[in-house]
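Biologist: I would like to learn how to read features in a model of this kind. Please take them one at a time and give the general idea before the case.

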Amino acid sequence: MPSNATDVQVQLVTEISDENRKEQMTIEEPGQFFQRGDTQVLTFTEHPDEGEPVDTMITVKPNHVSIKRSGGVDMRQVFNPQIETENTYRHTYGVFHMKTKTDHIEFEPLEGSKLGRLFIKYQMTLNHEVIQAHRLIVTFEEERKA
(Lines give C-alpha, C1' and ligand atoms only; values in the text may rest on other atoms or scores of the structure.)
Protein backbone atom coordinates (compact mmCIF):
# COMPACT_ATOMS: atom_id res chain seq x y z
CA MET A 1 0.00 0.00 0.00
CA PRO A 2 1.20 3.54 -0.66
CA SER A 3 2.38 5.66 2.28
CA ASN A 4 -0.62 7.99 1.86
CA ALA A 5 -3.13 5.14 2.44
CA THR A 6 -5.77 5.82 5.07
CA ASP A 7 -7.36 3.07 7.16
CA VAL A 8 -11.13 3.14 6.60
CA GLN A 9 -14.25 1.25 7.55
CA VAL A 10 -16.14 0.14 4.43
CA GLN A 11 -19.82 -0.67 3.98
CA LEU A 12 -20.86 -2.24 0.68
CA VAL A 13 -24.57 -2.56 -0.10
CA THR A 14 -25.64 -4.41 -3.23
CA GLU A 15 -29.27 -4.39 -4.38
CA ILE A 16 -30.30 -6.76 -7.17
CA SER A 17 -33.74 -6.97 -8.72
CA ASP A 18 -35.37 -8.61 -11.69
CA GLU A 19 -38.98 -9.21 -12.65
CA ASN A 20 -39.44 -11.88 -9.93
CA ARG A 21 -37.40 -10.86 -6.92
CA LYS A 22 -35.43 -8.22 -5.08
CA GLU A 23 -32.38 -8.98 -2.96
CA GLN A 24 -30.09 -6.84 -0.80
CA MET A 25 -26.69 -7.78 0.64
CA THR A 26 -24.58 -5.74 3.03
CA ILE A 27 -20.91 -6.23 3.83
CA GLU A 28 -18.88 -4.29 6.38
CA GLU A 29 -15.09 -4.67 6.45
CA PRO A 30 -11.97 -2.65 7.32
CA GLY A 31 -10.02 -1.40 4.32
CA GLN A 32 -7.69 1.26 2.94
CA PHE A 33 -8.20 4.29 0.73
CA PHE A 34 -5.58 6.22 -1.23
CA GLN A 35 -5.26 8.60 -4.15
CA ARG A 36 -2.71 8.63 -6.95
CA GLY A 37 -3.12 11.50 -9.42
CA ASP A 38 -6.77 11.60 -10.52
CA THR A 39 -7.26 7.95 -9.49
CA GLN A 40 -8.75 7.02 -6.13
CA VAL A 41 -8.50 3.47 -4.82
CA LEU A 42 -10.40 1.62 -2.11
CA THR A 43 -9.25 -1.86 -1.05
CA PHE A 44 -10.72 -4.33 1.42
CA THR A 45 -11.11 -8.07 1.95
CA GLU A 46 -14.58 -9.62 2.03
CA HIS A 47 -15.08 -12.56 4.39
CA PRO A 48 -18.17 -14.42 3.12
CA ASP A 49 -20.00 -16.92 5.35
CA GLU A 50 -18.98 -19.65 2.90
CA GLY A 51 -15.86 -19.92 0.77
CA GLU A 52 -12.51 -18.19 0.69
CA PRO A 53 -11.92 -14.51 1.44
CA VAL A 54 -12.19 -12.17 -1.54
CA ASP A 55 -9.71 -9.30 -2.05
CA THR A 56 -11.55 -6.34 -3.56
CA MET A 57 -10.05 -3.26 -5.23
CA ILE A 58 -12.30 -0.42 -6.40
CA THR A 59 -10.59 2.10 -8.69
CA VAL A 60 -12.35 5.40 -9.43
CA LYS A 61 -11.36 7.76 -12.26
CA PRO A 62 -13.48 10.48 -13.86
CA ASN A 63 -16.44 8.68 -15.59
CA HIS A 64 -14.85 5.29 -15.00
CA VAL A 65 -14.99 2.79 -12.13
CA SER A 66 -13.50 -0.70 -12.06
CA ILE A 67 -13.99 -3.38 -9.42
CA LYS A 68 -11.48 -6.20 -9.27
CA ARG A 69 -12.18 -9.16 -7.01
CA SER A 70 -9.84 -12.12 -6.49
CA GLY A 71 -9.69 -15.10 -4.15
CA GLY A 72 -12.97 -16.98 -3.62
CA VAL A 73 -14.22 -15.35 -6.84
CA ASP A 74 -12.35 -13.84 -9.77
CA MET A 75 -13.73 -10.93 -11.80
CA ARG A 76 -13.03 -7.43 -13.06
CA GLN A 77 -16.10 -5.33 -13.77
CA VAL A 78 -15.83 -1.96 -15.50
CA PHE A 79 -18.46 0.78 -15.23
CA ASN A 80 -18.50 3.52 -17.83
CA PRO A 81 -21.73 5.35 -18.76
CA GLN A 82 -20.50 5.75 -22.34
CA ILE A 83 -19.85 2.11 -23.22
CA GLU A 84 -21.25 -1.34 -22.47
CA THR A 85 -18.59 -3.58 -20.95
CA GLU A 86 -18.17 -7.36 -20.87
CA ASN A 87 -16.22 -9.71 -18.62
CA THR A 88 -16.38 -13.06 -16.86
CA TYR A 89 -17.20 -13.95 -13.27
CA ARG A 90 -15.51 -17.10 -11.97
CA HIS A 91 -16.36 -18.87 -8.73
CA THR A 92 -16.77 -22.41 -7.39
CA TYR A 93 -20.17 -22.78 -9.13
CA GLY A 94 -18.81 -22.03 -12.59
CA VAL A 95 -18.00 -19.24 -15.03
CA PHE A 96 -20.55 -16.62 -16.06
CA HIS A 97 -20.41 -14.11 -18.89
CA MET A 98 -21.43 -10.63 -17.71
CA LYS A 99 -22.45 -7.63 -19.80
CA THR A 100 -22.71 -4.35 -17.87
CA LYS A 101 -24.63 -1.23 -18.96
CA THR A 102 -23.92 1.63 -16.57
CA ASP A 103 -26.84 4.00 -16.02
CA HIS A 104 -25.34 6.31 -13.40
CA ILE A 105 -22.17 6.87 -11.33
CA GLU A 106 -21.80 9.23 -8.37
CA PHE A 107 -18.60 9.52 -6.34
CA GLU A 108 -17.79 11.63 -3.30
CA PRO A 109 -14.14 11.23 -2.21
CA LEU A 110 -12.99 10.94 1.38
CA GLU A 111 -12.06 14.41 2.59
CA GLY A 112 -11.19 15.10 6.21
CA SER A 113 -13.72 13.42 8.46
CA LYS A 114 -16.33 13.38 5.68
CA LEU A 115 -17.86 10.12 4.56
CA GLY A 116 -16.74 8.87 1.14
CA ARG A 117 -19.46 7.44 -1.08
CA LEU A 118 -19.72 5.61 -4.40
CA PHE A 119 -23.09 4.93 -6.02
CA ILE A 120 -23.48 2.96 -9.25
CA LYS A 121 -26.77 2.07 -10.93
CA TYR A 122 -26.42 -0.45 -13.73
CA GLN A 123 -28.01 -3.31 -15.62
CA MET A 124 -26.26 -6.63 -15.92
CA THR A 125 -26.95 -9.46 -18.34
CA LEU A 126 -25.75 -12.89 -17.19
CA ASN A 127 -24.88 -15.53 -19.80
CA HIS A 128 -26.80 -13.57 -22.48
CA GLU A 129 -30.13 -14.43 -20.79
CA VAL A 130 -30.87 -13.06 -17.31
CA ILE A 131 -31.18 -9.26 -17.06
CA GLN A 132 -30.93 -7.76 -13.59
CA ALA A 133 -31.06 -4.20 -12.28
CA HIS A 134 -28.26 -3.46 -9.80
CA ARG A 135 -27.52 -0.67 -7.35
CA LEU A 136 -24.14 -0.64 -5.65
CA ILE A 137 -23.59 1.71 -2.71
CA VAL A 138 -20.16 1.88 -1.08
CA THR A 139 -19.59 4.17 1.88
CA PHE A 140 -16.29 4.51 3.70
CA GLU A 141 -14.98 6.64 6.52
CA GLU A 142 -11.64 7.01 8.24
CA GLU A 143 -11.22 4.60 11.13
CA ARG A 144 -11.13 6.32 14.47
CA LYS A 145 -7.89 5.80 16.39
CA ALA A 146 -8.39 4.33 19.89
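**Salt bridges, spaces and strands**

Modeller: D18 is a convenient place to begin: its relative accessible area is 25%, which makes it partly exposed. Keep in mind that what we are reading is a predicted model.

Biologist: Which residue does D18 form a salt bridge with, and how far apart are the closest N and O atoms?

Modeller: The general idea comes before the case. Side chains of opposite charge can pair when their charged atoms come close. Here D18 pairs with R21, and their closest N and O atoms are 3.8 Å apart. The cut-off for a salt bridge is 4 Å, so the D18–R21 pair counts as one. R21 is partly exposed, with a relative accessibility of 37%.

Biologist: Which other residue forms a salt bridge with R21?

Modeller: E23 does, with the closest N and O atoms 2.5 Å apart. At a relative accessible area of 33%, E23 is partly exposed. Taken together, D18, R21 and E23 make up a network of salt bridges.

Biologist: How many salt bridges does the count come to?

Modeller: The count is 6. One of them joins the side chains of E46 and R69, at 2.9 Å from N to O. E46 belongs to strand β3, residues 39–46, and R69 to strand β5, residues 64–71, so this pair ties together parts that lie 23 residues apart in sequence.

Biologist: Is E46 buried or exposed? And R69, buried or exposed?

Modeller: The test for burial is a relative accessible area under 20%. E46 has 6% and counts as buried. R69 has 16% and is buried as well. For the protein as a whole, 38% of the 146 residues count as buried.

Biologist: Next, pockets. Which residues lie nearest the centre of the largest pocket?

Modeller: With a pocket, look at its volume, its lining and the elements that supply the lining. The volume of the largest pocket is about 1,200 Å³. Its lining has 38 residues, and those nearest the centre are M25, E46, R69, V73 and Y89. E46 and R69 are thus met again, as the partners of a salt bridge.

Biologist: Which strand gives the most to the lining of the largest pocket?

Modeller: Strand β2, residues 22–36, with 5 residues. By residue type, the lining of this pocket holds 19 nonpolar, 11 polar and 8 charged residues.

Biologist: How many cavities of 30 Å³ or more does the structure hold?

Modeller: A cavity is a space from which the probe cannot get out, whereas a pocket is open. The structure holds 1 cavity of 30 Å³ or more. The largest cavity contains about 50 Å³ of space. Its lining is made up of F33, Q40, V41, L42, I58, V60, F107, L118, V138 and F140. Two or more of these residues come from each of β3, β4 (54–61) and β10 (130–142).

Biologist: Which element gives the largest share, and what types of residue make up the lining of the largest cavity?

Modeller: β3 gives the largest share, 3 residues. The lining divides into 9 nonpolar residues, 1 polar and no charged.

Biologist: Finally, strand pairing. How do β1 and β2 run, and how many bridges join them?

Modeller: In reading a pairing, note its sense, its bridges and the connection between the strands. β1 (residues 6–17) and β2 run antiparallel and are joined by 12 bridges. One bridge sets T6 opposite F33 of β2, and F33 also appears in the lining of the largest cavity. The connection from β1 to β2 is a hairpin of 4 residues.

Biologist: Over how many bridges does β1 pair with β10?

Modeller: That pairing has 10 bridges and is antiparallel. Within it, S17 has A133 of β10 as its bridge partner.

Biologist: How many helices and strands are there in the protein?

Modeller: There are 0 helices and 10 strands. The radius of gyration is 15 Å, close to the 15 Å given by the globule rule for 146 residues, so the protein is as compact as a globular protein of that length. Along the principal axes, its C-alpha trace spans about 50 × 35 × 25 Å.

Terms used. Residues numbered from 1 in each chain as written. Predicted model: local features only at pLDDT ≥ 70, side-chain atom pairs only at ≥ 80, totals over all residues. Heavy atoms only, no water. 1 Å grid on protein atoms, 1.4 Å probe; cavity = no way out; pocket = protein on both sides within 12 Å on 5 of 7 lines; lining within 4 Å. Points joined across faces, edges and corners; volume = space filled by probe spheres on them. Nonpolar A, V, L, I, M, F, W, Y, C, P; charged D, E, K, R; others polar. Buried < 20%, exposed > 50% of the residue type's maximum accessible area, 1.4 Å probe, protein only. Pairing = 2+ DSSP bridges. Rg over C-alpha atoms; globule rule 2.2 N^0.38 Å.
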